[in-house]
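Good morning, colleagues, and thank you for joining. Please look at the sequence and the structure on the screen before I begin.

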Amino acid sequence: MVMYSPGKTSSYPDEPVDKGLRYHFLGGGSEVGNVGIVLEGVKGDRLLIDYGLAPTDPPRYPAEAPKVTDVIVTHSHIDHIGMVPWISGSHHSTLHATHITVALSELMWRDCHKVSRIEGYPLPWDKRDMDFALESWKVHNFGEWVEHGNWKWRLHSAGHIPGAAMVEIDIGNKKVLLSGDFDTRDSPLVSGASPVDVDILFVEGTYGGRSHPEKESEIKRLIERIKEVKNRGGTVLIPAFANGRGQDILMTLHAALPNLNVHYDGMGKIITRHYLENSGYLKDSEALESAFHWAKRVSSKSDKKKALEADVIVTTSGMLDGGPSIWYLNRLRNDERNAIFFTGYQAKGSGGRMLQEDGKIPIFGNICQVDLEWDTFGFSTHAGHDEIVEFAKLCGANDVVVYHTDPINARPPLVKALEANGHIVHQPINGQSHIIE
Ligand SMILES: [Zn+2]
Ligand SMILES: [Zn+2]
């Protein structure tokens, strides 16, 4: 656990930059999530891109950020936004993001604060910092240039989730792009990201070395499996993240099986309302609206009980770490006709991972055996290995910095493929600065 002592725990160097562009990862350089990237140029222009945490057990936090006037937040997932209230409260920095990221920030921070209290982990920021951060936002549309000292920057759509942005920075002699979390493939919610012509690309490598299954066949497989469970009289529990994944699943089910009885519970409901209020970020807002109204939205205890009779329950937490998904699992677990279908990555230490590895999971404090059938379906909205390599090529980047990645398994195959295409590839290490000339 990192407890901040401002000015004492930052790994950021004091020396000014004498040439090129300096990058420094406070976190997220050689791990997935927990992102904090400081960029600095020779004239002292400095930006912080993202400041998140890793919601593992216990959580991981990036190193203390140096003083920055401006922070650009790529999207509203907690591994990119979770520590922003700290920087805002400590350095009074101006925060920049798309409208929908701003709209969701309060919800994400309140949830993060609540979870840290329930799980007993101290958070380096408090509600006063959060209130300060909420007053510090500046909203930006995609494509709109913003002056920053001798630099200028703008946001581009990253795919991934509604409002997720890539950041293009013109540093004078060079152009830089940070992908944030991105996907070049379309999802039900958003269209895929397009390449941007740059010299230096910072790209997320979550799926280095791994190819995604073909989307259409994965949807077909999910649909067939749901029909099987329904036909034997069971209910499928689909734990899904509130901010993006749950809505993708609802839209997919609505399009493929309009007669299915689907119940939707958890924080995703309110996030969906924010999506619909910011419909300009959606690929097809009408499709989301009808899927959302088609699903039975659970809002009371009696709704919850009715949901136990459903064909499918889509709910949070996406990793079976508490929330309604545990409430449902506790009631569904003794009837072997039921099943659990995962649609996202289950982090080490999460309830979902324990269930997958040992068939056991903590439910309200007790470790319980769960013998239900389970399966995993690929609904990721991160670019896969091939998409990342192709994207770097189409951006025409000379230098490629691979971050937001597992340095042991995911990054090496990606580095190899990128080098084979002639890019100079950088493998950042948290806490170490590096200059690209
Ligand atoms: Zn991320
Ligand atoms: Zn994300």
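I shall go through the sheets, the helices that pack on them, and the hairpins in turn.

Let me say at the outset that this is a predicted model.

I begin with the sheet of mixed pairing. It is an open sheet of 7 strands, in the order S6-S5-S4-S3-S2-S1-S22. Strand S6, residues 137-139, and strand S22, residues 433-436, are at the edges; each has a single partner strand, so one side of each remains without a neighbour in the sheet. On average, and with direction ignored, neighbouring strands here are turned by 25 degrees against each other. Within this sheet, strand S4, residues 70-72, runs parallel to S5 and is joined to S5 by 3 bridges. As a point of register, Asp-70 has Thr-94 in S5 as its bridge partner. Helix H2 packs on this sheet, where H2 touches strand S3 (46-51), S4 and S5. The direction of H2 makes about 140 degrees with that of S3.

This brings me to the helix pair. In general, two packed helices are described by the angle between their axes and the distance between the axes. What are these values for helix H2, residues 84-91, and helix H4, residues 127-134? The two axes come within 8 Å and cross at roughly 85 degrees. H2 is therefore roughly perpendicular to H4. On the H2 side, the residues that meet H4 are Val-84, Pro-85, Trp-86, Ser-88 and Gly-89. Their counterparts in H4 are Arg-128, Asp-129, Met-130, Phe-132 and Ala-133. By class, this contact has 6 nonpolar, 2 polar and 2 charged residues.

Which residues of H4 are buried? They are Asp-129, Met-130 and Ala-133. Viewed down the axis of H4, these buried residues fall within an arc of 100 degrees, so they line one face of the helix. They pack against H2, strand S5 (94-97) and helix H3 (99-119).

I now turn to the sheet with parallel pairing. Here 6 strands form an open sheet in the order S14-S13-S15-S12-S16-S19. Its edge strands are S14 (296-297) and S19 (373-376), each of which pairs on one side only. Strand S13, residues 262-265, and strand S15, residues 312-315, run parallel and are joined by 4 bridges. In this pair, Tyr-264 stands opposite Val-314 of S15. Helix H5, residues 215-231, lies across strand S12 (236-239), S15, strand S16 (339-342) and S19. The angle between H5 and S16 is about 165 degrees.

Finally, the hairpins. Strand S9, residues 165-170, pairs with strand S10, residues 175-178, in the antiparallel sense over 4 bridges. Ile-169 stands opposite Val-176 in S10. These two strands form a hairpin with 4 residues between them, and Gly-172 in the turn has a positive phi of about 105 degrees. S10 is also joined by 3 bridges to strand S11, residues 200-204, and the two run parallel. Val-176 has Ile-200 as its bridge partner in S11.

The other hairpin consists of S17 and S18, with 2 residues between them. Strand S17, residues 360-363, and strand S18, residues 366-369, run antiparallel and share 4 bridges. Pro-362 has Ile-367 in S18 as its bridge partner. Which residue in the turn has a positive phi? That residue is Phe-364, at about 45 degrees.

Thank you for your attention.

Methods:
Residues numbered from 1 in each chain as written. Chains lettered and ligands numbered in written order. Predicted model: local features only at pLDDT ≥ 70, side-chain atom pairs only at ≥ 80, totals over all residues. Axes fitted to C-alpha atoms, helices over the stretch in contact; angles between N-to-C directions. Parallel < 35°, antiparallel > 145°, perpendicular 65-115°, else oblique. Contact = placed C-beta atoms within 7 Å. Nonpolar A, V, L, I, M, F, W, Y, C, P; charged D, E, K, R; others polar. Pairing = 2+ DSSP bridges. Buried ≥ 20, exposed ≤ 12 C-beta atoms within 10 Å, placed from the backbone. Arc of directions from axis to C-beta.
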